[in-house]
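Me: Pick one part of this model and give me a close look at it, residue by residue. Tell me also how the fold as a whole is put together, and keep it informal.

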Amino acid sequence: MPTYVATGRDTAGKATRRKIEADSPAEARTLIKSQGMHIQDIKEERGLSFNLADIQTSMTKVTVKDKAVFSRQFAALVSSGVALVRGIGILSDQCPNPKMKVALTQINSDVQQGTSLSDSMRKHPDSFDNLYVSMVQAGEVGGVLDEVLNRLAKLLEDLNRLQNQIKSAMAYPVTVGFLAVTIFVGLTVFLLPIFAEIFTDLGAELPLFTKVLMAISKILRTWYLVVGIVGIISVLVFAYKQYYKTPVGKVTMDGFFLKMPLFGDLSQKSATARFCRTFGSLSRSGVPILTALEIVRDTSGNQVIANAINAAQVEIQGGGMISPALEEHGVFPVMAIQMIAIGEETGELDQMLMKVADFYEDEVEQAVKALTSVMEPIMIVVLGGMVGSILVAMYLPMFKVMDHLG
């Protein structure tokens, strides 16, 4: 008898997952419903499979760019009068991402059976997150699915551009740092011992600086010492991850990321732009404000910011306004808070949020350029210092050799 796995929510509204044996999916659904569970998805549990295509699909990630391209194409088809089933079928056939292709195929099948588009997408959180599903649902209810899809495409394109700007700021120091470490290790392990042996044979006493680098070279050439160092680093990384999983650790580290030198300002501005862009798009699409805040909170990626958004949600439930709660936590710039307050007072919050998002996205772009201009000379000095230290260690003994020969 096959085993089926159902995912959904229990009577308390908590997400849950259950297994049950049944002769058919319909029987499994009936049995699980009788247990008081609201089913969102049910699938047959399969044994271990080594299908290469399935492995590739499971390892593939649906990126923001993938969803942006799909949204733009889907909006064009819907606005042209193409039926949902046919439009999804066309896009699934030409989708380059295998995971999204599988999701679209199953969504198309569900829509054909009468399930709404948003409910069908909700079954595939790896491809369409809560933000995406909520906006699609608002578009379906309001009869403006094509407009909402265009807004989604614009939102995702802006978020993708923001991510690329941050990645470009990190690419230079990471690349130069990797090259510096590689060159330093290569010279220390392979070149320095050769010269040190020559100087020793000539009877010259090695300077202290050269002896220190020789000790480092010996450590790098001893496999069990290297394994020990790697083990210590792995333990520290594991300890950090475990600490970050705790509520206190997450708040502490996320707060540090917002205030750390050089990158803290960039993190704060990018978080502000993301919050305003996402919240504004949800509000403009007709998503209820409390639901919109909940989605923005869950997609913020920073616990300190999530706590501030949660406080704003509580404030609204009590009849208050968003801006005082955000100002109290101090995670967003003062200018952004003031513009949000003006938007609340004038009743044009979504428009003001979009203006704030545009402003801080430009600020992120300028911050990336400034950060790159600062990091370039620093990384050049670091690279030159690491290579120069090896050269100094090799040249210092030459003076001893000359004195000895003299």
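Reply: Start with how far the contacts reach: take the contacts between residues at least 6 apart in sequence, and 59% of them join residues at least 24 apart. This is a predicted model, by the way, so read every number here as computed from it.

The secondary structure comes to 17 helices and 3 strands. The radius of gyration is 29 Å, while the globule rule gives 22 Å for 406 residues, so the protein is more spread out than a compact globule. Put a box around the C-alpha trace along its principal axes and you get about 95 × 60 × 45 Å. As for burial, 39% of the 406 residues count as buried. The accessible surface comes to about 22,400 Å², and carbon and sulfur atoms own 62% of that. On the charge side there are 37 positive and 40 negative charges, and their mean positions sit 4 Å apart.

Now the close look, and I'd go for S323. Its home is helix α15, which runs over residues 322-329. Is S323 buried or exposed? It has 6% relative accessibility, and the cut-off for buried is under 20%, so S323 counts as buried. What does the side chain of S323 pair up with? It makes a polar contact with the side chain of E344, at 2.9 Å. E344 turns up again in the contact list: setting aside residues up to four places away in sequence, S323 touches I337, I340, A341 and E344. In that list, E344 is the partner with the polar contact just mentioned.

With that spot in mind, here are some other residues to click on. E361 belongs to helix α17, residues 349-405. This glutamate has 5% relative accessibility and therefore counts as buried. Which residues does E361 touch, neighbours up to four places away left out? They are D158, R161, L162, Q165, A273 and R277.

A306 is in helix α14 (residues 303-317), and at 9% relative accessibility A306 is buried too. Outside the four-place window, A306 touches R297 and S300. For a sense of distance, try A306 against A6: they are 300 residues apart along the chain, and their C-alpha atoms are separated by 30 Å.

S120, in helix α6 (residues 117-122), has a relative accessibility of 0%, so S120 counts as buried. Beyond its neighbours within four places in sequence, S120 is in contact with I107, D110, V111 and T115. S120 and L104 are 16 residues apart along the chain, with 9.2 Å between their C-alpha atoms.

Two glycines round off the tour. G255 lies in helix α11, residues 247-259, and its 18% relative accessibility is under the 20% cut-off, so G255 counts as buried. From G255 to N302 you go 47 residues in sequence, yet the C-alpha to C-alpha distance is 8.2 Å. G228, in helix α10 (residues 223-245), comes out at 33% relative accessibility, which puts G228 in the partly exposed class. Pair G228 with G330 and you have 102 residues in sequence and 43 Å in space, C-alpha to C-alpha.

If you load one view, center on S323, show the side chain of E344 for the 2.9 Å polar contact, and add I337, I340 and A341 as further residues that S323 touches.

Definitions and conventions
Residues numbered from 1 in each chain as written. Predicted model: local features only at pLDDT ≥ 70, side-chain atom pairs only at ≥ 80, totals over all residues. Heavy atoms only, no water. Helix = DSSP H or I, 4+ residues; strand = E, 2+ residues; numbered from the N terminus. Rg over C-alpha atoms; globule rule 2.2 N^0.38 Å. Buried < 20%, exposed > 50% of the residue type's maximum accessible area, 1.4 Å probe, protein only. Contact = heavy atoms within 4.5 Å. Areas by Shrake-Rupley, 256 points an atom, 1.4 Å probe, with all protein chains shown as cover. Lys, Arg positive; Asp, Glu negative; His and termini not counted. Charge placed at Lys NZ, Arg CZ, Asp CG, Glu CD. Polar contact = N/O pair within 3.5 Å; in protein donor to acceptor, adjacent residues only side chain to side chain.
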